[in-house]
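The exercises below are meant for a reader who is meeting this structure for the first time. Each one sets a task and then works through a solution step by step.

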Amino acid sequence: SGGQRWRNPGPGDGGSAPSPPPPPVWNQRRSCGIGVGGKGGFGARAWTWEGGIGGRGSMLTVLRVHLPSEIPVVGCEITPYVLLRWPDGSISNDDVPESAPLNGYCMRYKWYRNLGDQKVAVCSVHPTEQATLQCLVCLKEKVPIAKSYHCTPRCFSDAWQHHRSLHERAKKAANENGTDEEEIFGRFNSSSGSGSFNSGLSSIAPNLLQSPGLNNDPISVYPTTVADKSGEAWSEVAHSRTYTPTADDINHVLKFECVAVDVETRIPAGNVNTVLTSRVIPAPSPTPRRMVPVNGDLLGQLDLDGRTSSGTFSVLSYNILSDAYATSEAYSYCPTWALSWPYRRQNLLREIIGYHADILCLQEVQNDHFEEFFAPELDKHGYQALYKKKTSEVYGGNSNAVDGCATFFRRDRFSHVKKYEVEFNKAAQSVTDVAMTAGQKKVALSRLIKDNIALIVVLEAKFSNHGTDNSGKRQLICVANTHVSVHHEHKDVKLWQVHTLLKGLEKIAVSADIPMLVCGDFNTVPGSAPHALLANGKVEPLHPDLAVDPLGILRPTSKITHQLPLVSAYSSFARMVGVSPGLEQQRRRMDASTHEPLFTNCTRDFIGTVDYIFYTDILLFSLADSLSVESLLELLDEENLRKNTAIPSPEWSSDHIALLAEFRCKPRIRR
């Protein structure tokens, strides 16, 4: 190998050094916990050829082929790992397309769908379970067929509260000419008849349910159908290296073929390498969440796309869980296919777009995922993007693996005025330069340097705030998006970072006289010193968190203050007096002592609130334009999330839940 270092490549390895090719052998890989393997079950049948194919040394040779995930999901691109030995003897997983052949050879890829598979309906909530019940109301209201199935009566009963919202949305869509069903229900879950099973009614709930039949769905005929040696029929569905399963693939096994071919003769240069997937499953969708009004003038609940008036705007804050942190070791309870980035990115995108927020504050967005996925995809939905990554490439110099904060805003609602980037590392350098000796500085920097950042954006609203005295006045809004240090033992560093951010925002507020929004993952729970500083403007001298201050950066404690009149948006649930059923339900999901949600982060080992949306409140700050909360995105129930142990899960693709608040701009009170 010429001194080359070898290691086992993972599914997501790019051009990293591959493993040395083993002796030729057929390996069978089978997924776990998804029923039985074989043609009739959900187990993977991924036969993988490992080893070279004989021939002259100048040939292009396939050494290994395998798939990145054991279960293919509708809408999630499959990119097989194809390891090649090039004619010069080097080994790489780079592609050799027909447009750039090597020594007269190139790669040919094909994807097939098994036509002989028995058609089985799967549960819309638990896609790895076979369905036994079907909601007839879904059929009547023309809800996508795949969303009508449930595996058990208990499953249907548990999902009913949110499932019925699909009926309402479908009915609403039917009454609005031109509404795209894809927009209403998601790009990858609508089924164009491929799941239309018809049979008798279930005795469980004859008015609502029926049992999905088998083999009643007509199979689409593709132009090219082939039979393998065993006589099984396969329909050709793609000629590319990658493939994105569609609704027509649900419950079918897919087959990937690759082979090196002679460019001139088109004759294969060796054996065809084949990999079979397990059955394709529909993409589970996050349970719909509704907006709950907290304004006393509003009653009931609002659809996510419903606004109380044109003078309002909404802000989303969401830690989406960086792929670098989404490991099977950390989240062993989540199926590997649901933890894979190709699946999570589509599920996250569907969820985020579905909230229809005007401003998005996302944390843990990897640099490459921002540039290659979120920025272009959200641009299609009318969002302009701004990004700030962490200041140190902490993953072996790989800048793509570094995460950061991304802020998006709707171009039809706001325009970009100014951007500020806060690097806490630079702030630490400044603090130590001024206040510490050279010997102290090294120790201090080792504690303060945590690579965290904040992204501050000043936006100008394109909508009116209805202030008659303010006609012609620019409506500016300042939005801060941050991710504070995760180190739980470094309470002093957390407080110092939050204080540094707030002092910077304080200067902007004074100079520009504009309302403030402070969003993000603060990695600190209600009642902690950073939370007290945010909510109260100061930290009590006897607060236990202040005892952790080895560098003396928090002394005197009287300086740990700010003048911004910040209020937590979700505290509105606890503060409002009303009779709305939605409000009462949300109050039960709030902590009565802290007026914060019971949790925003839920893993197997931790549950608690670390994410917040703070805003400048009109009741406290009457000298400048301010904000008031109109409605909030409903909180989730812990019991529901615990059905899958915790999050992330197939339904929810982050270990955090999204927070969303709708605000109204209030013009200054003139005296």
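**Exercise 1. Find how many salt bridges the structure holds, and follow the pair formed by Arg113 and Asp249.**

Solution. The model is a predicted one, and it holds 24 salt bridges. In one of them Arg113 is paired with Asp249, and the closest N and O atoms of the two are 2.5 Å apart. The next step is to place the partners along the chain: Arg113 belongs to strand β6 (residues 105-114), while Asp249 sits in the loop between β11 (233-238) and β12 (253-262), so that the pair links distant parts of the chain, 136 residues apart. Finally, Arg113 and Asp249 are both buried.

**Exercise 2. Decide whether Lys419 and Glu421 are buried, exposed or partly exposed.**

Solution. Begin with the contact itself, a salt bridge in which the closest N and O atoms of Lys419 and Glu421 are 3.2 Å apart. Buried means under 20% relative accessible area and exposed means over 50%. Lys419 has a relative accessible area of 34% and is therefore partly exposed; Glu421, at 40%, counts as partly exposed because this value also falls between the two limits.

**Exercise 3. Work out which strands stand at the edges of the six-stranded open sheet.**

Solution. Write down the order of the strands, which is β19-β20-β21-β22-β28-β23, with mixed pairing. Strands β19 (414-423) and β23 (566-568) each have a single partner strand, so they stand at the edges and one side of each is left without a neighbour in the sheet. Turning to the pairing of β19, nine bridges join β19 to β20 (residues 453-461), and these two strands run antiparallel. Within that pairing, Glu423 has Ile453 as its bridge partner in β20. To complete the picture, add the helix α9 (residues 491-512), which lies across β19, β20, β21 (476-483), β22 (516-521) and β23 and runs at about 160° to β22.

**Exercise 4. Establish where Thr609 lies and what its side chain reaches.**

Solution. Thr609 is found in the loop between β27 (607-608) and β28. Its relative accessibility is 1%, so Thr609 counts as buried. The side chain of Thr609 reaches the backbone oxygen of Pro597 at 2.5 Å. When neighbours within four places in sequence are left aside, the contacts of Thr609 include Thr524, Val525, Pro526 and Phe599.

Conventions: Residues are numbered from 1 along each chain as its sequence is written. This is a predicted model: local features need pLDDT of at least 70, side-chain atom pairs count only at pLDDT 80 or more; totals for chains, interfaces and linings use all residues. Side-chain values use heavy atoms; hydrogens and water are left out. Two strands pair if DSSP finds at least two bridges between them. Helices (H or I, at least four residues) and strands (E, at least two) are DSSP runs, numbered from the N terminus. Contact means heavy atoms within 4.5 Å. Axes are lines fitted to C-alpha atoms, for helices over the stretch in contact, and angles run from 0 to 180 degrees between N-to-C directions. Buried means under 20% relative accessible area, exposed over 50%, partly exposed in between (1.4 Å probe, protein chains only). A polar contact is a pair of N or O atoms within 3.5 Å; within protein, one must be able to donate a hydrogen and the other to accept it, and residues adjacent in sequence count only if both atoms are side-chain atoms. A salt bridge is a side-chain nitrogen of Lys or Arg within 4 Å of a carboxyl oxygen of Asp or Glu.
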